[in-house]
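This report introduces a protein structure to a reader who has not met it before. It considers charged contacts, then aromatic rings, then the surface.

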Amino acid sequence: MRRWLAGPGTEATPAAIAALGALMAATFCIVTTENLPAGLLPQISSGLGVSLSATGQLVTGYALTVTLLTVPLTYATRRIPRRPLLLGLMTLFVLAGLSSAAAPNFALLLASRAVTALVHAVFWAVVTVTATGLFPPSVRGRIVAMVYGAGSMATILGVPAGSWIGQQAGWRVAFVALSGIGLIALVTVVVFLPATAVTQTPVSRTTAPDTPRYTVLLVTIVLAMTGLSMAFTYTVPFLTDVSGFSMQAVSPLLLLRGVVGIASVAVAGHLADHHPKLATTVPVALLSVSLVGMYLVGTVPLLAAVLMAASGVALFTMITTLTSELLAVAPGNLYIASAGGNAVFNAGTAAGAVLGGLVLSDFGVRSVTLAGGLLAAAALAVLLADQLIGRVPRRSRETVTDSS
């Protein structure tokens, strides 16, 4: 681990690795909580006596809160030192989780989820920059890969485990369990995250800020994430109605997509650090090819499974590499720039779910993958056009953090 995270002429210290582990644990908790209600909607609906559609607002409201408030909240907290800010966020996370578990009615549960969404909005804006600030700039991609890998593990392991606990012991117990894990993450941050990880007034900036490139990456992200969300939201009906898989086969296929995606994260970090041009274009190209391919040959079960797994690789690699490049070219304060990236990721996810539903209603579930693939192709075209006019990522870009 220390050698993998070491930069030229430098060595990753045990303290930095421990702090990274603490931030990864916190990331795991945040992502698990974000997605947990989706797996417990029937239990919450019956337990609180509200309709299933109304209960779904726990997911929709959360995403909208993050999308709209990430940038303004990050700006408002920009002068708070990162360590106490993260400690405060994790404390709020634990309290909001306990409040969710104890909520006597849907209104209070929705309010508790809103608090958790506020935590999420600021957390994702600062955690990546804080983590990369612990290590030399030459390994930025690998650090981003590890942070996002923790989020991926939450999707693959944390959410199913939370759903299982909710099904066996009740949805309230699932939220209590998550608060307990969050408390452990809070303690690890207290113990391991150094107070000198960033300055008291954060002014982390790149040595080669590039506003046009940053804008191109934001456009790329929103197009690619919209296309991906369109297809991923309706994966299950595609597999059953188009590919002919049984419902019993769906869970293993989704697990396969997640596992191969997580396995690709290490490669993504290496690409981001050593081949930034390929790192941004290849995953988006793979996403487009896999989604369009599912439309063309998705009726063949084996090919559909292979292409769905490829889309998982594209997802996890794309998030890592685009985020790494976003930080490399960010104009101005890195935390605000990171918040902008987080906002467009969530905006694309929300837009994809809505647009996918419209395509599904008018043209059928098979066409959803085609529409998603075409949006991913548009994202690729934006990247390639930018590179053709001379804005190729430069290896000399480094993130400079004043750590007085």
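In this predicted model, glutamate 325 and arginine 213 are both buried. Their side chains meet in a salt bridge, with an N to O distance of 3.3 Å. The contact links distant parts of the chain, since glutamate 325 belongs to helix H14 and arginine 213 to helix H9 (residues 211-233), 112 residues apart.

Arginine 213 also forms a salt bridge with aspartate 386, where the closest N and O atoms are 2.6 Å apart. Because arginine 213 lies in helix H9 and aspartate 386 in helix H16 (residues 365-388), this pair ties together parts that are 173 residues apart in sequence. Arginine 213 has a relative accessibility of 0% and therefore counts as buried. Aspartate 386, at 5% relative accessibility, counts as buried too. Together, Arg213, Glu325 and Asp386 are linked in a network of salt bridges. The count of salt bridges comes to two.

**Aromatic rings**

The count of aromatic pairs comes to three. Two of them are set out below.

| Ring pair | Distance between centres | Angle between planes | Arrangement |
|---|---|---|---|
| Phenylalanine 123 and tryptophan 124 | 6.2 Å | 80° | edge-to-face |
| Tryptophan 171 and phenylalanine 175 | 5.9 Å | 90° | edge-to-face |

Phenylalanine 123 is buried, with a relative accessible area of 1%, and tryptophan 124 is buried at 9%. Ring pairs join Phe123, Trp124 and Tyr148 into a cluster.

Tryptophan 171 and phenylalanine 175 are both buried. They are separated by about one helical turn, because they stand four residues apart in helix H8 (residues 171-192).

Arginine side chains also lie over ring faces. Arginine 257 is placed over the face of phenylalanine 232, at 3.9 Å from the ring centre. Arginine 366 lies over the face of tyrosine 295, at 5.2 Å from the ring centre.

**A nonpolar surface patch**

Which residues make the nonpolar surface patch of about 520 Å²? The patch is made by Leu296, Val297, Val300, Leu302, Leu303 and Val306. Helix H13 (276-297) and helix H14 (301-329) each supply at least two of its residues, and the largest share, three residues, comes from H14. Valine 297, located in helix H13, is partly exposed, with a relative accessible area of 30%.

Helix H14 thus appears in two settings: it contributes to the nonpolar patch, and it holds glutamate 325, a buried residue.

Methods. Residues numbered from 1 in each chain as written. Predicted model: local features only at pLDDT ≥ 70, side-chain atom pairs only at ≥ 80, totals over all residues. Heavy atoms only, no water. Patch = residues over 30% accessible without salt bridge, like charges linked within 9 Å, V, L, I, M, F, W, Y side chains within 5 Å. Areas by Shrake-Rupley, 256 points an atom, 1.4 Å probe, with all protein chains shown as cover. Salt bridge = Lys/Arg side-chain N within 4 Å of Asp/Glu carboxyl O. Buried < 20%, exposed > 50% of the residue type's maximum accessible area, 1.4 Å probe, protein only. Phe/Tyr/Trp six-rings, centres within 6.5 Å; stacked < 30°, edge-to-face > 60°. Lys NZ or Arg CZ within 6 Å of the ring centre and 35° of its normal.
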